[in-house]
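Reader: I would like a close look at a single part of this model. Please keep to one place and connect its pieces.

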Amino acid sequence: MSVTIELRAFDAGDEGFVEDAWALKERIRRRDGVLKQRRGFFTDAYRRSKVFALVEPGYDDESLVGFASTRRDGYILFLAVAPEYRGEGFGRQLVAAVADEHDSVTCHARATNDDALSFYKHLGFEIERRVGSYYEDSGDAYYLRLGDGGLASKLSRFVPGA
């Protein structure tokens, strides 16, 4: 896909793209059956986190391609890339942006979400532990941590030439 995508960062409290992020998350939930949350929980967590957003500029509007919402400790609360942009390295770019600011990058992934687990494993995340009944629907999760090797080696896996 040959489009210009911009990476932007929004500090906690900035509501830029919160509605677009919710819409994208819901589109993925309907399509893939993952990322189910209550709207209030999602928007509250989004507003309290730093958000890295991938945006495609347009003539009249901009469209959100993907985003990562992160806590101050490098924990990824939400990571989503629009289905039509997957396989282009955008998820990797979002994780790289988080890794660039944190010594430790962690997240949870649903134990049955093979696509997410494969993605994280490909980037070098390791399973720390399984958490039973982590999700509101009692689904299990894996707690994942980006593997050791220092920040520079983490980034070199994500960004060619880093």
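Which residues form one aromatic cluster?

Author: The model is a predicted one. Six names answer you: Trp22, Phe41, Phe42, Tyr46, Phe67 and Phe78 form one aromatic cluster.

First, the setting. The protein chain has 162 residues, and 46% of them count as buried. It holds 5 helices and 7 strands. Along the sequence they run β-α-α-β-β-β-α-β-α-β-β-α. Take the contacts between residues at least 6 apart in sequence: 58% of these join residues at least 24 apart.

Now the pairs. The whole structure contains 11 aromatic pairs. One of them joins Trp22 and Phe42. Their ring centres are 5.4 Å apart, the planes meet at 55 degrees, and the pair counts as tilted. This pair bridges distant parts of the chain: Trp22 belongs to helix H1 and Phe42 to helix H2, with their positions 20 residues apart. Trp22 and Phe42 are both buried. Phe42 also pairs with Tyr46. That pair is tilted too, at 6.1 Å centre to centre and 35 degrees between the planes. Here the two partners share a helix: Phe42 and Tyr46 sit in H2, 4 residues apart, or about one turn. Both of these residues are buried. Phe42 therefore takes part in a pair with Trp22 and in a pair with Tyr46.

Next, the helix that carries Phe42 and Tyr46. The buried residues in H2 are Phe42, Thr43, Ala45 and Tyr46. Viewed down the axis of H2, they fall within an arc of 165 degrees, so they line one face of the helix. What do they pack against? The partners are helix H1 (18-32), strand E2 (50-57), strand E3 (62-70) and strand E4. The pair of Trp22 and Phe42 is one link between H1 and H2.

H2 has another role in the layout, as part of a pocket wall. The second largest pocket holds about 270 Å³ of space. It is lined by 14 residues, and Arg48, Ser49, Thr70, Arg71 and Arg72 are the closest to its centre. Helix H2 (39-48) and strand E4 (75-81) each provide at least two lining residues. H2 contributes the most, with 3. What is the make-up of this lining? It splits into 6 charged, 5 nonpolar and 3 polar residues. E4 turns up in both settings: it helps to line the pocket, and the buried residues of H2 pack against it.

For a second helix with a buried face, turn to H4. Its buried residues are Ala116, Leu117, Tyr120 and Leu123. Seen down the axis of H4, these lie within an arc of 130 degrees, so they line one face of the helix. On the other side, Asp114, Asp115, Lys121 and His122 are exposed. Gly124 follows H4 and has a positive phi, near 105 degrees.

Back to your cluster. Phe42 and Tyr46 are members of it, and they also belong to the buried set of H2. Trp22, another member, comes from H1. In short, H2 shares in the aromatic cluster through Phe42 and Tyr46, packs through its buried residues against H1, E2, E3 and E4, and gives 3 residues to the lining of the second largest pocket.

Definitions and conventions. Residues numbered from 1 in each chain as written. Predicted model: local features only at pLDDT ≥ 70, side-chain atom pairs only at ≥ 80, totals over all residues. Heavy atoms only, no water. 1 Å grid on protein atoms, 1.4 Å probe; cavity = no way out; pocket = protein on both sides within 12 Å on 5 of 7 lines; lining within 4 Å. Points joined across faces, edges and corners; volume = space filled by probe spheres on them. Nonpolar A, V, L, I, M, F, W, Y, C, P; charged D, E, K, R; others polar. Buried < 20%, exposed > 50% of the residue type's maximum accessible area, 1.4 Å probe, protein only. Arc of directions from axis to C-beta. Contact = heavy atoms within 4.5 Å. Phe/Tyr/Trp six-rings, centres within 6.5 Å; stacked < 30°, edge-to-face > 60°.
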